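Open the model in your viewer and keep the sequence panel in sight. Each stop below tells you what to select and what is there.

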Amino acid sequence: MSGDPPIKRLRSRDWFDNTERMDMTALYLERFMNYGITPEELRSGKPIIGIAQSGSDLSPCNRIHLELAKRTRDGIRDAGGIPIEFPVHPIFENCRRPTAALDRNLLYLGLVELLHGYPIDGVVLTTGCDKTTPSQIMAASTVDIPAIVLSGGPMLDGWHNGELVGSGTVIWRSRRKLAAGEIDEEEFLRRATDSAPSAGHCNSMGTASTMNAVAEALGLSLTGCAAIPAPYRERGQYAYRTGRRIVEMVHEDLKPSDILTREAFLNAIATVSVIGGSSNAQPHIQAMAAHAGVPLEMQAWQEHGYDLPLLVNMQPAGEYLGERFHRAGGVPAAMWELLNAGKLHGEVRTCTGTTMADNLEGRESADRAMIRPFADPLMEKAGFLVLSGNLFHFGILKTSVISDEFRDRYLSRPGHLNVFEARAVVFDGSDDYHHRINDPALDIGDSCILVIRGSGVLGWPGSAEVVNMQPPDALIRSGTQWLPTMGDGRQSGTSDSPSILNASPESAAGGGLAWLRTGDMIHVDLNQGTCNALVGEAEIARRLAEEPAPPVPKSQTPWEELFREKTGQLSEGGVMDFAVHYRGTSRKLPRH
Ligand code: FES
Ligand code: MG
């Protein structure tokens, strides 16, 4: 298809070939020559392809894209396009305080303005670290120009003393070892740094690997792209092919709105379930669907994902890391299992120009220790459970990370399968948790559930990854690795904590966690999907009337204030409600 004449007038023509406003065309053309591009190129009628560059020194997980962009440019040029590379707002999950979650909507806003306001006909979205994927897909949907995802890929596998150590996951596991007195702080640091041996994003099935798998499952990146480790030669080859393909997509006018259907989102939910993906996929998939104009009810996670088995043996739910996942066939091999089990919508259109079923042809995995057959999984019914009750309308539980030890203690009681009651110990944010968790006066034991509030979209602000609270040190030393936890924040996708997450509405928005008190009993019924505090209506009313609401810190920056004003709850994806009404902005050109 490349080289064919455009089937419609490209939007960049309005800048570079505008006969009505020759004066403006002259103005637009002249400054691009600063770096050597010629008016002949810009006026040739070739598509202008943006490369949304997410890599920088401030976003090390995505820094590989600074290199990959050279191959992407080669591909664009060879297919008859003109590459224009520009930066997007950097996001670095681990380092951004108070949380990188503030930046997803900020990158989104910035990228919408760039794609809408400049002469760009199609775009390569360079993804990697957690929020860099959903934010860019959200923006591509709003503008609705042809867009393709190029992920940067995970780091090489981390090894420490002959043991596979996955980034993120090693932190949570070492934290427990430190509390148990099994390692010292120096060893903690060595384990952490050994988990990150090369360029790339997290090498475990954390939020980064999950969201890049989601991009592929949605049909937005070339088949097999997501799992290629960043330093592998295939990265550069996929960058080249991605560059070629986006030019063809512009000629075919293949836009996000042609790809992002409800079926595509259901495919993404199914894929996240069988790969043991991050709980953060919930707000991000919800947000991408909202911006794509696709209705996706909160129960979809349970209805289309919970019954699915865990197939991918990758930390934190399993044993291995990204290199082996890639060698075993990566995302297409996991999706191949779904397709052949009749659990995938194979007819959906994808960025390759053909259907998902076509893309997956012949992609069966050869490494059955890494990617298990659908009929012989690592775990049955391993997707996400959706919970509700008097504390919140929506909370989600990732069941694939629940350990046998935890199941035996809490979920396997005869006659009470998947039902338990626990005494709440309530913390107001993570500082309060860290100050008080080892206080003997709290009398925390195996019959407790740790609850954190003030960690949602408004309360934090941004919503923090803090719900994976570990038990007091003394309890860990006596052999309890996990207590049930619950909160209105999120948890890291690399965490193996059995937590009820993303509770919405959050305490700062008037959710039930605001009136919960330490000592209240909480009844969790995973069969019914309910989670209730055993507190009477009258007592709830009294607390709300007589006792102060939990503290909410003041905004420290202008964006925090604006973010709080405009952003909705995690159950709805944490999107800015007004923004989802803008769709297809590229169909109306901005004024000169
Ligand atoms: Fe960036 Fe995990 S911290 S990918
Ligand atoms: Mg994270």
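## Stop 1: two annotated spans

Select residues 46–359. Over this span the chain is 49% helix and 9% strand. Its end C-alpha atoms are 28 Å apart. An unreviewed UniProt entry annotates residues 46–359 as "domain: Dihydroxy-acid/6-phosphogluconate dehydratase N-terminal". Keep in mind that this is a predicted model.

Now select residues 370–573. The same kind of record, an unreviewed UniProt entry, lists this span as "domain: Dihydroxy-acid/6-phosphogluconate dehydratase C-terminal". Here the chain is 20% helix and 21% strand. The end C-alpha atoms of residues 370–573 lie 31 Å apart.

## Stop 2: the four-strand sheet

Go back to the N-terminal span and show strands β1 to β4. They form an open sheet in the order β2-β1-β3-β4, with parallel pairing. Which strands stand at the edges? They are β2 (82–87) and β4, each pairing on one side only. Neighbouring strands here are turned by 25 degrees against each other on average, direction ignored.

Select β1, residues 48–53. Is this strand mostly covered or open? Mostly covered: six of its six residues are buried. Ile48, Gly50 and Ala52 are buried on one side. Ile49, Ile51 and Gln53 are buried on the other.

Add β2. Six bridges join β1 to β2, and the two run parallel. For one of the pairings, pick Ile49: its bridge partner in β2 is Pro83.

Move to the other edge and select β4, residues 147–151. Five of its five residues are buried, so this strand is largely enclosed by the rest of the structure. Colour its two faces. Ala147, Val149 and Ser151 lie on one side, Ile148 and Leu150 on the other.

Next, add β3, residues 122–127. Five bridges join β3 to β4, and these strands run parallel. Two residue pairs are worth labelling. Val123 has Ala147 in β4 as its bridge partner. Thr126 stands opposite Leu150 in β4.

## Stop 3: helices by the sheet

Select helix α6, residues 132–143. This helix lies across β1, β3 and β4. It runs at about 165 degrees to β3.

Now bring in helix α5, residues 101–117. The axes of α5 and α6 come within 8 Å and cross at roughly 40 degrees. The crossing is right-handed. Show side chains at the contact. From α5, pick Arg104, Leu107, Tyr108, Leu111, Val112, Leu115 and His116. From α6, pick Pro134, Ser135, Gln136, Met138, Ala139, Thr142 and Val143. By class, the contact of α5 with α6 has nine nonpolar residues, four polar and one charged.

## Stop 4: a second helix pair

Select helix α9 (207–217) together with helix α13 (281–292). They pack at an angle of about 35 degrees, with their axes 11 Å apart. α9 passes α13 in a right-handed crossing. Which residues of α9 meet α13? They are Thr210, Met211 and Val214. Across from them, α13 brings Ala281, His284 and Ile285. Four residues of this contact are nonpolar and two are polar, with no charged residues.

Follow the chain out of α9. Tyr232 sits in the loop between α9 and α10 (233–252). Is Tyr232 buried or partly exposed? Tyr232 has 19 other C-beta atoms within 10 Å, so it is partly exposed. Burial takes 20 or more. Then select Met155, which is 77 residues away from Tyr232 along the chain. Their C-alpha atoms are separated by 9.7 Å.

## Stop 5: the eight-strand sheet

Finish in the C-terminal span. Show the open sheet of eight strands, ordered β7-β8-β12-β11-β10-β9-β13-β14. Its pairing is mixed. β7 (384–387) and β14 (530–533) stand at the edges. Each has a single partner strand, so one side of each is left without a neighbour in the sheet. The twist averages 25 degrees from one strand to the next.

Select β9 (419–428) and β13 (521–525). Five bridges join them, and they run antiparallel. Label Ala422, which stands opposite Ile522 in β13.

Last, add helix α19, residues 429–436. This helix lies across β9 and β10 (448–453). Its direction is at about 100 degrees to β9.

Definitions and conventions. Residues are numbered from 1 along each chain as its sequence is written. Chains are lettered from A and ligands numbered from 1 in the order in which they are written. This is a predicted model: local features need pLDDT of at least 70, side-chain atom pairs count only at pLDDT 80 or more; totals for chains, interfaces and linings use all residues. Axes are lines fitted to C-alpha atoms, for helices over the stretch in contact, and angles run from 0 to 180 degrees between N-to-C directions. A crossing is left-handed if the near helix is turned anticlockwise from the far one by less than a right angle, and right-handed if clockwise. Two residues are in contact if their C-beta atoms, placed from the backbone, lie within 7 Å. Ala, Val, Leu, Ile, Met, Phe, Trp, Tyr, Cys and Pro count as nonpolar, Asp, Glu, Lys and Arg as charged, and the others, Gly among them, as polar. UniProt positions are given in the numbering used here, feature names are shortened, and annotations may be inferred rather than shown by experiment. A residue is buried if 20 or more other C-beta atoms lie within 10 Å of its own, exposed if 12 or fewer, and partly exposed in between; C-beta atoms are placed from the backbone. Two strands pair if DSSP finds at least two bridges between them.
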